[in-house]
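Biologist: I have the sequence and the model open, and I'd like to know how some of the descriptions are justified. Could you walk me through them?

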Amino acid sequence: MMISQFVCSPKPVAGCSPEMTVNIWNFASLSLVQCFSRHGFRFPHKSKRERMILMCSDSISQSWNVPVLSSSEVIERLKQARGGQQFLAMYSSVVDGITTDPAAMVLPLDDHMVHRGHGVFDTATIVNGYLCELDQHLDRIIRSASMAKIPLPFHREDIRRILIQTVSVSGCRDGSLRYWLSTGPGDFLLSPSHCREPTLYAIVIKTNLTTNPKGVKVVTSSVPIKPPEFATVKSVNYLPNVLSQMEAEAKGAYAGIWVDKDGFIAEGPNMNVAFVVNGGNELVMPRFDNVLSGCTAKRTLTLAEELVNKGMLKSVKVMDVTVEDGKKADEMMLIGSGVLINPVIQWDEEFIGDGKEGPIAKALLDLLLEDMSSGPSSVRVCVPY
């Protein structure tokens, strides 16, 4: 016989009245216990599928029930919930293996990354069977893990090998690889001191690169910017980023732009920004001191030197940029692995330049796409399918 206990609470419980007397019920002997309220739990009973059902009702609300599922039923429901998602493969160090079943792509709830946000992550784009800037992104997540005091579960080269193998098993030739380092599962306390070991998770997602030559609108974010010691770590604590994005979308904009306490332009919620100034002669990008160091942004700065050699630009600089100078720029663009190079045509109520995609943004996008499809081995890792 299954023996369970349930504590009735005087506080509101979903589907139940708050008038219930506080008692501890033993389901095995519930029929022997008097209920001192006109509301209460009915006896557990078996459904037609032999699942245990806990019923709760009162004189006002309708009865509700929560099925107790077997492991096979849980898997079946997870399969239904994941229908249509393009999750192709996942690695978990918890099970030390790769799965291609989306229903099995789950995390332990007691992992401190889940309930305490003690985890870091990064990504790499898959283009035509190559991982773009894998080593650059891998170096960044290891740096983020160090700053977040998360020990590595494996040596760097072992992590690299696992990531490449996960993409290989997925069969994905165009998509995205995302991966996380966490202090791992253990308990629900604040300190990770009782976590058994750090964990590595990775997932391959089928996606397509998209560009927007028409340009987008951005707004100044009113959500407080992260302090530098947190902004420079690519952690899973993205609540400010999410709120900034939601605020922008509510205003009909593509993204919000953060401004630091000194009035200098910082970054977007998940991308860097750059400007073309001085009559279209200079490409400038805000300093990385107080924001996340973007791998795609840094690669773009390198590629921009080609435009200097061609005479399209006179210089490329990383410097402080005020909001006033940014809004008066000839061109503005968002830069990141998810957006590539996305021209900005309007910031708040002011148009940037002539309100259209500029020649430098277009030229940089062409260079970046070419680099991702046929660049040197230092930025492209071939996946052995």
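Modeller: Happily, and keep in mind that this is a predicted model. Among contacts in the protein chain with a separation of 6 or more, 62% are between residues 24 or more positions apart.

Biologist: What makes two residues, such as Ile341 and Leu364, count as in contact?

Modeller: Their heavy atoms must lie within 4.5 Å. Leaving aside neighbours within four places in sequence, Ile341 meets that with Leu364, and also with Thr300, Met333, Leu334, Ile335, Ala361, Leu365 and Leu368.

Biologist: Why is a set of residues called a nonpolar core?

Modeller: Its members are buried residues of the nonpolar kinds listed for cores, joined through side-chain atoms within 4.5 Å. The largest one has 29 residues, and Leu283, Met285 and Ile341 are among those with the most contacts inside it. Helix H9 (359–374) and helix H7 (295–309) each supply at least two residues of this core, and H9 gives the most, with 8 residues. Apart from it lies another core of 25 residues, including Tyr91 and Val381.

Biologist: How do you know that H7 is roughly perpendicular to H9?

Modeller: The two helices pack at an angle of about 110°, with their axes 9 Å apart. Angles of 65 to 115 degrees count as roughly perpendicular, so H7 is roughly perpendicular to H9.

Biologist: Which residues of H7 and H9 meet there?

Modeller: Leu303 and Leu307 are among those from H7, and Leu364 and Asp371 are among those from H9. The residues of this contact divide into 8 nonpolar, 2 polar and 3 charged.

Definitions and conventions:
Residues numbered from 1 in each chain as written. Predicted model: local features only at pLDDT ≥ 70, side-chain atom pairs only at ≥ 80, totals over all residues. Heavy atoms only, no water. Buried < 20%, exposed > 50% of the residue type's maximum accessible area, 1.4 Å probe, protein only. Helix = DSSP H or I, 4+ residues; strand = E, 2+ residues; numbered from the N terminus. Axes fitted to C-alpha atoms, helices over the stretch in contact; angles between N-to-C directions. Parallel < 35°, antiparallel > 145°, perpendicular 65-115°, else oblique. Nonpolar A, V, L, I, M, F, W, Y, C, P; charged D, E, K, R; others polar.
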